[in-house]
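Here is a short briefing to read alongside the model. Keep the viewer open and follow the residues as they come up.

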Amino acid sequence: MKIIGITGGVGAGKSTVLDHMEKQWGAFVIQADKVGHLVMEPGEECYIPMIELLGKDIIKEDKTIDRRRVSDVVFSQAELLEKLNAVIHPAVKRCIKKQLEDQRRLGRKLCVVEAALLLEDNYQDFCDEIWYIHTDKEVRISRLMDSRGYTRQKAEDIIASQAPEEFFRAHADYVVENNGDLASTCQQIQEGIKRYETL
């Protein structure tokens, strides 16, 4: 089984790439963000530790954790956010590794793991290759304004807060240019996978 790690900045169109890899290449797709939601559910690994860290105010009436409330609580408290990340990030990584092992046992040929902090959290340690999805800054800003309703300033601020392009390129084994031409993006994915099959 081959494991490809997918990374790139906000607005790069990573979900388009993941969707294509799942539908066209039969990849099992794991998104760290979704796994993060899963580990916060009642009975899951982070549920009690999060309540102990942030208090019972973060619990909704249905007993689930109010992620918006969590975000509000830690937004301006760097130390608290660091403690929260120390609870969630290792749990997410453990859950992803378990899912990968399950897929390996099922005979899956290709798995794709996408995470915003893929490189910072050392996911490359268990990925066979790292792919960087690159998109021009102006295209990313337009996407964020259109799809999320962000102002230009907010989009620029978020992009500026993330790792620079040089960081991603320095750690990537393969780069996919994703500036809006879907056919070109799909062709690059095909070339990446074909190239990968010969490694």
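Where in the chain is the place of Val39? Val39 sits in the loop between α2 and α3. Before we go further, please keep in mind that this is a predicted model. The points below begin with the whole chain, then turn to its cores and to three buried residues.

**Overall fold**

- Nine helices and five strands make up the secondary structure of the chain.
- Read from the N terminus, the order of elements is β-α-β-α-α-α-α-β-β-α-α-α-β-α.
- For 199 residues, a compact globule would have a radius of gyration near 16 Å, and the 18 Å of this chain agrees with that.
- Along the principal axes, the C-alpha atoms fill a box of roughly 50 × 45 × 30 Å.
- If we take contacts between residues at least 6 apart in sequence, 70% of them join residues at least 24 apart.

**Surface and charge**

- Of the 199 residues in the chain, 40% are buried.
- The accessible surface is about 11300 Å², and carbon and sulfur atoms account for 48% of this surface.
- The chain carries 28 positive and 34 negative charges, and the mean positions of the two sets are 3 Å apart.

**The nonpolar cores**

- In soluble globular proteins, nonpolar side chains tend to be buried together.
- Here the largest nonpolar core holds 36 residues, and those with the most contacts inside this core are Met50, Leu54, Val92, Ile96, Leu100, Val113 and Tyr123.
- Two or more residues of this core come from each of α2 (32-38), α3 (47-54), α4 (67-74), α5 (78-105), β3 (110-114) and β4 (129-134).
- Helix α5 gives the largest share of this core, with eight residues.
- Beyond its neighbours within four places in sequence, Leu100 is in contact with Met1, Ile3, Ile30, Cys111, Val113 and Phe126.
- Another core lies apart from the largest one; this second set has 16 residues, including Ile4, Ala12, Leu110 and Val176.

**Val39, in the loop between α2 and α3**

- Val39 counts as buried because its relative accessibility is 4%, under the 20% cut-off.
- Leaving out residues up to four places away in sequence, Val39 touches Glu44, Glu45, Cys46, Tyr47, Ala91, Val92 and Cys95.
- One of these partners, Ala91, is 52 residues from Val39 along the chain, yet their C-alpha atoms are separated by 7.0 Å.
- Another partner of Val39 is Val92, which is listed among the residues with the most contacts inside the largest core.

**Val74, in helix α4**

- Helix α4 is where Val74 lies.
- Val74 has 6% relative accessibility and therefore counts as buried.
- Apart from residues up to four places away in sequence, Val74 touches Leu54, Leu80, Leu81 and Leu84.
- Leu54 in that set is also listed among the residues with the most contacts inside the largest core.
- Val74 and Asp121 are 47 residues apart in sequence, and their C-alpha atoms are 20 Å apart in space.

**Asn178, in the loop between β5 and α9**

- Asn178 is found in the loop between β5 (174-177) and α9 (182-197).
- Is Asn178 buried or exposed? Asn178 is buried, because its relative accessible area is 4%.
- Setting aside residues up to four places away in sequence, Asn178 touches Ala12, Gly13, Val17, Ile133, His134, Thr135, Arg143 and Thr185.
- Ala12, one of the residues that Asn178 touches, belongs to the core of 16 residues.

Conventions
Residues numbered from 1 in each chain as written. Predicted model: local features only at pLDDT ≥ 70, side-chain atom pairs only at ≥ 80, totals over all residues. Heavy atoms only, no water. Core = buried A, V, L, I, M, F, W, Y, C linked by side-chain atoms within 4.5 Å. Buried < 20%, exposed > 50% of the residue type's maximum accessible area, 1.4 Å probe, protein only. Helix = DSSP H or I, 4+ residues; strand = E, 2+ residues; numbered from the N terminus. Contact = heavy atoms within 4.5 Å. Rg over C-alpha atoms; globule rule 2.2 N^0.38 Å. Areas by Shrake-Rupley, 256 points an atom, 1.4 Å probe, with all protein chains shown as cover. Lys, Arg positive; Asp, Glu negative; His and termini not counted. Charge placed at Lys NZ, Arg CZ, Asp CG, Glu CD.
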